[in-house]
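Please walk me through this model in the viewer, one selection at a time. Tell me what to select next and what is there.

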Amino acid sequence: MLVGAGYDDVVETRELRYFVAVAEELHFGRAAQRLAMAQPPLSRAIQQLERRLGVELLHRSARRVALTEAGSVLLREARAALDAVEAAERRTRRAAAERPGVVLATKAGASTALVSKLLDAYAAEPGAVAVEVMLCGPGEQERMLRDGRADVALLQRPFDTTAGLDSEDLHSERQVVVLPAGHPLAGRPRLSMAEVTALTDLPLPRWPRRDGSCPDGPGPQVRDHTQLFQLIALGRACAVVPESLRTHLRDEHAAVPVADAPAVTTVIAWPPHSRSLAVADLVRTAARLCPTDPRGPGGTGDPDGSGEPDGSGGRGEPRSRH
């Protein structure tokens, strides 16, 4: 539970779960169905939460429910709080297991060579424990790390956020646009993002948000790279992806560098409060395998355009935890 100034200010995790369901569904009936409860007690619980906090969380009308500014803030904070509670429960149970181990989350199809090298190098370390690899869809590995299903994760900025996590940069790479092999632009030495977005016959895909919905747009909805690359081969889409995904392409695909697309940086991330020796050893092994190149992707010497080389590597220094 979350505790305020006095006992009467206590907000229970149950209430936060109720609010998150209503805020994500923006419909009391659907939220009640999702929570497997009746609608009237759910409405009363939200009203009680508003009275306790002294703010209006939802704009209600006969036709729609919408979040207020305060409601948007609570939704963000409630998600983080519920993730923290779930993470504490899961990591506590894992710590009590008879055979200690580490759960590593990584996106399926990405960083395959890095994961293989990392597992081999870590297994050779004194005191290495078993590593369970969880292969995820795009964006899922960050959520698994935050809610405690994973102890450490390989993330890719700017697609994933490391806010609130400790992380170490491993390597950066450019992006390419994947086109059908016979497309008129497939033979170009490079393209710009403006040229890519102007391809109305090959719209960019729409990936699901955290709540499962997809943004509006003309592109097809996709959930994994296998689906995406098949749609590209059929001439229904194009996609801007990290250059390392070239290894997954077939003869019916073409990859063209996108000069002004942001670089993709693979990082290893872990919870800042972690005291796991195994996590610390795994992070150190990853950092040793991938010493950060201060010149950045392409060896420019100025990866962020600031005029100053950046050899800082990442946030936080991997360290033993007791």
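**First stop: α1 and α3**

Select Glu 15, Tyr 18, Phe 19 and Val 22 in α1; they meet Leu 42, Ala 45, Ile 46, Gln 48, Leu 49 and Arg 52 in α3. Contact here means heavy atoms within 4.5 Å. By class, the residues of this contact are seven nonpolar, one polar and two charged. Ala, Val, Leu, Ile, Met, Phe, Trp, Tyr, Cys and Pro count as nonpolar, Asp, Glu, Lys and Arg as charged, and the others, Gly among them, as polar.

The model is predicted: local features need pLDDT of at least 70 and side-chain atom pairs count only at pLDDT 80 or more, while totals for chains, interfaces and linings use all residues. Residues are numbered from 1 along each chain as its sequence is written, and side-chain values use heavy atoms, with hydrogens and water left out.

Now show helix α3 (residues 39-53) whole: its axis and that of α1 are 10 Å apart, at an angle of about 110°. Axes are lines fitted to C-alpha atoms, for helices over the stretch in contact, and angles run from 0 to 180 degrees between N-to-C directions. α1 and α3 are therefore roughly perpendicular to each other (65 to 115 degrees).

**Second stop: α1 and α4**

Keep helix α1 (residues 13-25) and add helix α4 (residues 69-95); their axes come within 9 Å and cross at roughly 125°. This pair is therefore oblique, a class for angles that are not under 35 degrees, over 145 or 65 to 115. Among the α1 residues to select are Thr 13, Leu 16 and Phe 19, and the α4 side of the contact includes Gly 71, Leu 74 and Val 85. The contact has 10 nonpolar, two polar and three charged residues.

**Third stop: His 253**

Next select His 253, in strand β9 (residues 253-257). Is His 253 buried or exposed? His 253 counts as buried, because its relative accessibility is 9% (buried is under 20% relative accessible area, exposed over 50%, partly exposed in between, with a 1.4 Å probe and protein chains only). Leaving aside neighbours within four places in sequence, His 253 is in contact with Val 178, Leu 179, Ala 181, Phe 229, Ile 232 and Ala 233. Zoom in on Phe 229: its backbone oxygen lies 2.7 Å from a polar atom of the His 253 side chain. Then pick Gly 182, which is 71 residues from His 253 in sequence and 8.2 Å away in space, C-alpha to C-alpha.

**Last stop: the whole protein**

Zoom out to nine helices and 10 strands. These are DSSP runs (helices H or I, at least four residues; strands E, at least two), numbered from the N terminus. Of the 322 residues, 41% are buried.

Technical notes:
Polar contact = N/O pair within 3.5 Å; in protein donor to acceptor, adjacent residues only side chain to side chain.
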